[in-house]
Amino acid sequence: MQTNFTLAQLADSNTAEAEKILRTCVHCGFCTATCPTFVLLGDELDSPRGRIYLIKDMLEGDKPATEKVVKHIDRCLTCLSCMTTCPSGVHYMHLVDHARRHIEETYERPLADRALRRLLAWMLPYPGRFRLGLFGAWFGRPLAPLLRGIPGMERMAAMLALAPKSLTGPSPLDRPGVYPAEGPRRARVALMTGCAQQVLAPEINEATIRLLNRHGVEVVVAKGAGCCGALVHHMGQAEAADSAAQANIAAWTREIEGEGLDAVVINASGCGTTVKDYGYMLREDAAWADKAAAVSAMTVDITEFMSGLGLKPAVRPTGLRLAYHSACSMQHGQQIREEPKALLRTTGFEVAEVPEGHLCCGSAGTYNLMQPEIAGRLRDRKVANIESTKPDAIATGNLGCMTQIGTGTRIPILHTVELLDWATGGPLPKSLEGSAALQGRAANQAGIQAAQ
Ligand code: SF4
Ligand code: SF4
């Protein structure tokens with residue numbers, strides 16, 4: 001694509017980077033077919049190519065963002081399906097990140113929008129505040145159906161509907177500490193325990209630590225590490241995102257320089273995509289660039305790490321039929337596709353491929369709160385595709401997808417790591433307690449034994 005930036009504009013390194021990306025786009029339109037918002041809405045401006053044109057026009061003309069640009073960029077899920085499809089290697093993620101920063105700097109959003117964004121950015125990255133917010137949401141939850149029908153209250157209704165019905169207390173394993181390897185130590189890793197995940201599903205980090213320890217891996221939950229910064233990053237709040245990144249990099253660098261680390265392990269693929277991009281985010285910051293690049297280079301998803309390490313054989317017959325939902329941040333953001341399914345198959349699960357697996361479930365960070373109508377349609381489509389495979393349970397590697405899909409189906413949904421932990425010696429995951437498929441298998445087994 002031809003661009004017309006002035007030399008003065010290109011002196012800004014972010015604009016220069018955006019220009020480089022724009023020039024790689026050859027307007028072929030291949031990406032439109034796999035873009036969830038184009039598939040649903042059919043509007044070119046809600047396709048990657050359309051958004052690229054809007055961004056080009058805004059940046060080239062040094063224009064403040066308009067309502068039209070904001071509308072179509074806000075509708076983008078940042079699912080990155082377009083990056084997987086693009087034959088020219090257009091780095092849409094870095095381009096849209098830059099556009100969002102520009103929007104944040106030049107566009108005054110309506111008051112209600114600003115207030116909601118501030119509330120989410122203040123609350124979600126901090127487990128204590130989030131817990132308090134969910135406590136408040138319980139009281140409002142019965143009002144969700146009523147609010148859904150009131151214009152302007154749809155987002156509030158979506159927030160209340162997504163609040164879980166019950167919460168467990170904080171897990172002691174999320175506190176900073178060292179969790180020793182069982183047997184001879186094969187590796188030492190830092191685990192990112194995240195923010196919302198600690199509150200909504202502490203069992204995921206617990207299962208991850210057990211699985212790693214059982215495989216001879218010492219796990220460090222580093223003091224000072226917290227939210228990855230993705231939430232504010234996708235809102236265009238660069239300063240807040242950078243400072244979240246710096247806190248994590250500082251915490252893990254202390255470990256690298258202390259007892260050493262073989263990897264930074266992440267079990268939420270949305271966070272993994274962001275941490276793997278720290279090197280790019282902080283590339284211009286002389287104090288942080290090298291450390292950020294080093295952390296990004298050693299960051300792996302838990303399924304990448306376990307594939308490299310090798311799984312112990314399953315200690316129990318698992319046998320469940322799983323629909324594996326590949327989160328966008330897993331398959332498009334990190335290009336991890338086969339490892340999670342291979343690990344599940346190795347431990348005896350039957351893994352079904354989900355039709356239209358490349359399409360987003362509508363979770364996308366806070367997208368399901370900010371764009372509830374589109375997110376709801378995507379969730380229903382995803383659930384119908386998953387249910388068509390007739391699974392006993394759904395496995396995925398990202399908490400956001402678990403929450404989103406879980407509101408649309410009665411089929412148990414759980415993290416891949418919970419299944420791998422159970423198969424190799426951990427407790428039965430909470431979501432499988434009372435599973436009809438497991439009870440059926442147990443009854444069959446009892447019948448066979450009685451017959452013998
Ligand atoms: S597929 Fe790539 S090159 Fe083609 S229009 Fe989309 S972003 Fe541009
Ligand atoms: S990131 Fe996803 S929603 Fe956004 S333009 Fe690309 S494919 Fe479409």
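Here are legends for a few views of this predicted model.

**View 1. The whole protein, end to end.** Let's start with the big picture. Measured out along the principal axes, the C-alpha atoms fill a box of roughly 80 × 55 × 45 Å. A compact globule with 452 residues would have a radius of gyration near 22 Å, and the protein has 22 Å, so the two agree. Buried residues make up 46% of the 452 residues. The secondary structure adds up to 26 helices and nine strands. Take the contacts with a separation of 6 or more: 73% of them join residues 24 or more positions apart.

**View 2. The chain split into its domains.** Domain 1 runs over 7-106 and domain 2 over 115-162. After these come domain 3 (172-307) and domain 4 (313-451).

**View 3. Where domain 2 touches domain 3.** The C-alpha centres of these two domains sit 28 Å apart. Ten residues from domain 2 and twelve residues from domain 3 take part in the contact. On the domain 2 side, α8 (111-123) and α9 (127-140) each chip in at least two residues. The largest share of that side, four residues, belongs to α9. By type, the domain 2 side has eight nonpolar residues, two charged ones and no polar ones.

**View 4. The surroundings of ligand 2.** There are 13 residues around this ligand, and Cys35, Pro48, Cys76, Cys79 and Cys82 come nearest. Three helices give two or more residues each to the shell: α3 (36-41), α4 (48-60) and α6 (81-85). Sorted by type, the shell holds nine nonpolar residues, three polar and one charged.

Key
Residues numbered from 1 in each chain as written. Chains lettered and ligands numbered in written order. Predicted model: local features only at pLDDT ≥ 70, side-chain atom pairs only at ≥ 80, totals over all residues. Domains from an automatic or database assignment. Contact = placed C-beta atoms within 7 Å. Nonpolar A, V, L, I, M, F, W, Y, C, P; charged D, E, K, R; others polar. Near = placed C-beta within 6 Å. Rg over C-alpha atoms; globule rule 2.2 N^0.38 Å. Buried ≥ 20, exposed ≤ 12 C-beta atoms within 10 Å, placed from the backbone.
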